[in-house]
Every structure is written in C-alpha cells, then in structure tokens.
Amino acid sequence: MPAGDWRSWVVALWVVAIAAILRFVKLGFPPSLAFDEVYYVHEGQELLDHGVEWNYSYDDARNITADHGPSYVVHPPLGKWLIGLGIWFSRTFLNDPPVYTSISSGPIGWRLMPAVFGVLSVLILTRTARRMFRSTILGAAAGLLMALDGMHFVLSRTAILDIFVMFFVLAAFACLVIDRDHRRAHWLRELDNGRNPASGGKAARLPLTWTTIPWWRLAAGVLLGLGCGVKWSAIFFVPVFAALIYLWEANLRRTLGVPHPWRDALLDEGTWILTMTALVIPAYLATWTGWFATDTGWKRHYLADQGHTEWPILGALYNLLAYHSDVLGFHTQLTSSHPYQSSPWQWLVLGRPVAIYWDTEPRCGAESCAAEILLLGTPVLWWAFLPALVAMTWFGISRRDWRPLAIGAGAAAGILPWFYYDIADHRTMYYFYALPAEPFLVLAVAYVLGCLISGPAARSPGGGRLRLDLAPDDRRRYGTIAAATFVVLVAICFWIYYPIYVGDSIPYEHWYRRMLLGRHWV
C-alpha cells in the first residue's frame, strides 16, 4: 500500500464531503411522495407503528380512511426499516413537520437514510479502490465518479430500496478485498518465520488461531444476508463472491509453491467459504424480526389458520416459507407493462431512464417550463462503461491481473441474471435494477484510467510473472491528462444534467435539449 495513510483519508473525506453536500442540499424536494416512495415510505411508517407492514386505505390527501389489517408485500423488510429509522430520527431530533397524517415526518425524514447510505457507499468505494489499485489518486477518482453519477445521486435522494441493496453488496465486496490482503499478510509472516509451503503437509496450511480466522470473509456473508433482506437480488452475488474467494486462495497457494494448490485451497478454505455463505441465512432471517416478534404479520400463523399444529420456531419458519412461496410466484409472473420498463440490454446504454417526478407549473420565468427528476446515469460515465469493460478484459489478460476478474465478476452478478428473467419470463424490469453493479462498473473505469497512466506491463527478467513498468515521463504525463480530462468531463456532464436530477424548473426547450435520445428519455 502507498505510504501516508492519513493523507489518503483526507482525500477520501474530501470526496465524501462533495458527495454529502450534493445529496443533502434540497433533500426535501419534492415535498410530496415521488414514484415508488408512495409504497416504501408508508411501509416504513407502518413498521414503526406495527412491527409489520399494514394495509390502509387513503384519501386524496393521504389521510387514512380504512384499516384492512396486515399487508401482503413482496420485498423483505430491512430497507423499509431503514427508511422508517430516518422517519423516526427526523421526528425525534429534527422536528421535521409531517406532510401527511399517516406519515409522522416530512420528506427529509423519509429520504434521510438513503442519502446517508449513498454517502457511505462513496466512502467505501473510495477506500476499496485505493486498496485494490494501491493508489490514493485512483481511489479518489473512483469515489468521485460515483459521487457524480446521476443514477446513484437520484437514488440517494429517493426513498426506495435499491440504494440499500447496492450498499450491502459493495460493503461485502470491500470486506472480501480486505480479507484477501489479510490472508496474504498472514502467509508473508509465516514465510518470514521459516515456513516452507512447498514441502506440503501442515507446512502448506495456515495454523488456526484467533487472528487467522477470516473475520472479514464472515462479515461479508452477514452483509450479503442483509442485502437479501432488502431485495432478493443480492443473492446473485453470493455464489460469485464464494467462487472469487476460492480462486484467490488457490492462486495464492500456487504462488507459494504448494504442490496441490487447487485441492488444498478447497480443503483448507472450503469450510470457511461454506460458513460465509451459510451466514447469509441467519442474517436474512434477522431482518424479519418484526414479523417473528408479532402475531399480526401476513401469514404469520398460516399453519394454525389451516387447522394444523404450529410448532414453536419450526412452525414460524414454515409460515415464512409459505409467505416466500407467494412472493416468488408474484415476481416470476410480474409481466405487466409499464411506460418506464426497460430490458437489461438497454441499461448500459441508457436506453430507458425512469421519471421520478414531473411538473409543468410555470416557475422558471419562461412561457413554458418543465421540472423533472429523471433517474438517468451521467451519460459520459455510463457510455464509457462498455468500452471500459472491454479494455479492462484486455489489460487483465495481458497482465495476468486478478483485479479485472474480481471487478468483472461483480458487474456480471449485478446484470447478467436479469437477462435470464428477461428472456425466460419476460419480467417487467427497470433501469435502476442495475445499481448494485454500478460500483464494479466504476471500478472498471478507474482501472482503465490507471492503465492509461501507468503504461504497458512487461515480463520480469527473472521469470514469467508480470509487473508494471515505470512509465516514461511523457506516457505518464499524457495518461494523467487523459484520465483527469475524463473525470472533468463527467463532472461537467453531471453539472449540465443537475437541474433534471433535482427537479429544478427550467425552460422547456432547455429541458428538451438534454433529452439526447429523444423519445427514449421522454
């Protein structure tokens, strides 16, 4: 790692400050519920009131007019608990006035936690990129690119669930990168103490001590379980991350000269990998604590209602399984059309963004005005993702580098499974489903920027391993200029689109000029 860690924290906090200022300024606009906030904000309040989601009827002013008992909902409760936590905090400490009689805080309250988690995700990406690339500058570039991305920005200011899924997936990946470094540090100490892994047997295994237990790996399992407790789509990352751990461990043993690296990695690390994946289950079940702790949740006593004996614990788990069976059926049969639906084929090219808010009241001083919050990634950044993935693959193969595989695997886990649902089930999907993949796409861009700065790799004189040559001054200079220019272009593009990320009222012709893909963005 580069020296001067305190300086890297100063840089990271500078990036985080930019992200925080952007996300918290005008957080209360629009003052009304926007898009799917109408579901998740009310459910967050209902969790505070009842411990489970509740089924109310509302009038046009959002006053409660009828109570229908527990509600059937199709997403786990953790994300809504987090939104409810923001409502509670705002009501308790900020004196945020209520907008609706059914919601005990205003828009700052229900958007507080998405903004907090959005800012924290920028911090995690900045530090993870620094650790992966061994560069404070590239870490800051990665964090700044995500801070200036329109989709991440809008979802950090909207009380829906996807920002929480992305956060837990990214945090789990960060834990695995730390775990990888720690395992190599343990082996380095063992080599310094005279251990010879090439001799096989016990010498090829780390001794089991309190410090050699892969705590960061186990934490990743818990975080993935919490991600599944927001949306089930986080489960796509579990097998991918487990496979990454195995590949890293096998490659480490091959580097150490262990006679049977693939076999020994499976024998030595298989139990820990299975433990990590197993931790997903209790972490996920913990997110249903409110449902377990009450008698009023949907299908909470399904067995008893059917006239069967309901055993403690096992009966509750069976009832939850029956509930999940209904939810799975809902998701697999969700094929109704929606004006803002899109296919995974469209996501990386910004084929169909989502309008969160729209108003044409003449508040801009012009004859015709438009105020929109459009869920649209910063075009310069998103249109660089596909070229970056191609370039990253090339550099990774030519350099035999572990990082492109890890980054590409994360991006694939966030996007490729949705192609199956698009082809097999024709499921209704939306652009913001791609958000959990975004940190990995940003890492791909940062990796390519680093390659532009550092220059090509060359074989070391002593053997087949590859190393990065020190680039000539002119290559490093031009590469740095190119990388900095790209980041500046992303910042300029974000500034141009900022009015339609925050709902500013602007002349209609100015709004329409920003619709680069015409009817696909309108």
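This is a short walk through the fold, the cavities and a few individual residues of one protein chain.

Okay, so before anything else: what we're looking at is a predicted model. Keep that in mind whenever I quote a value.

Let's start with the whole chain. On secondary structure, we have 20 helices and seven strands. Then overall size: the radius of gyration comes out at 25 Å, and the globule rule gives 24 Å for 522 residues, so this chain is as compact as a globular protein of that length. If you'd rather think in boxes, the C-alpha atoms fill one of roughly 75 × 70 × 45 Å along the principal axes.

How much of the chain is buried? Of the 522 residues, 55% are. As for the surface, the chain exposes about 22,900 Å², and 65% of that comes from carbon and sulfur atoms. On contacts, take the ones between residues at least 6 apart in sequence: 73% of those join residues at least 24 apart.

Now, the holes. The count is six cavities of 30 Å³ or more. The largest cavity holds about 60 Å³ of space. Who lines it? The lining includes F29, P30, A34 and E37, then R111, V154, R157 and T158. From further along the numbering you also get I356, I373, Y501 and V502. Sorted by class, that lining is eight nonpolar residues, one polar and three charged.

Two of those names deserve a second look, F29 and P30, which both line the largest cavity. The peptide bond joining F29 and P30 is cis, with omega about 0°. As for where that is, P30 is in the loop between α1, residues 5-24, and α2, residues 37-50. For background, most peptide bonds are trans, and most residues other than glycine have a negative phi.

On that second point, we have a couple of cases to show. F35 isn't a glycine, yet its phi is positive, about 55°. And where does F35 sit? In the loop between α1 and α2, which is also where we just placed P30.

The other case is R400. Its phi is near 50°, again positive in a residue other than glycine. R400 is in the loop between α16, which runs 385-399, and α17, which runs 402-425. Buried or exposed, R400? It has 58% relative accessibility, and the cut-off for exposed is over 50%, so R400 counts as exposed.

Back to α2 for a moment, because Y39 is found in that helix. At 49% relative accessibility, Y39 goes down as partly exposed; the exposed class needs over 50%. Y39 also pairs up in space with V73: the two are 34 residues apart in sequence, with a C-alpha to C-alpha distance of 9.6 Å.

Last residue, A198. You'll find A198 in the loop between α7, residues 162-192, and α8, residues 215-228. Its relative accessibility is 40%, so A198 counts as partly exposed. Which residues does A198 touch, once we leave aside neighbours within four places in sequence? Those are L256, G257 and P259. From that part of the numbering there's also H260, which is 62 residues from A198 in sequence and 9.3 Å away in space, C-alpha to C-alpha.

That's my tour. Over to you for questions.

Definitions and conventions. Residues are numbered from 1 along each chain as its sequence is written. This is a predicted model: local features need pLDDT of at least 70, side-chain atom pairs count only at pLDDT 80 or more; totals for chains, interfaces and linings use all residues. Side-chain values use heavy atoms; hydrogens and water are left out. On a 1 Å grid over the protein atoms alone, a cavity is a set of points where a 1.4 Å probe fits but cannot get out, and a pocket is an open set with protein on both sides within 12 Å along at least five of seven lines; lining residues have an atom within 4 Å of a point. Grid points are joined across faces, edges and corners, and a volume is the space filled by probe spheres set on the points. Ala, Val, Leu, Ile, Met, Phe, Trp, Tyr, Cys and Pro count as nonpolar, Asp, Glu, Lys and Arg as charged, and the others, Gly among them, as polar. Helices (H or I, at least four residues) and strands (E, at least two) are DSSP runs, numbered from the N terminus. The radius of gyration is taken over C-alpha atoms; the globule rule is 2.2 Å times the number of residues to the power 0.38. Buried means under 20% relative accessible area, exposed over 50%, partly exposed in between (1.4 Å probe, protein chains only). Contact means heavy atoms within 4.5 Å. Accessible areas come from the Shrake-Rupley method with a 1.4 Å probe; for residues, only the protein chains shown count as cover.
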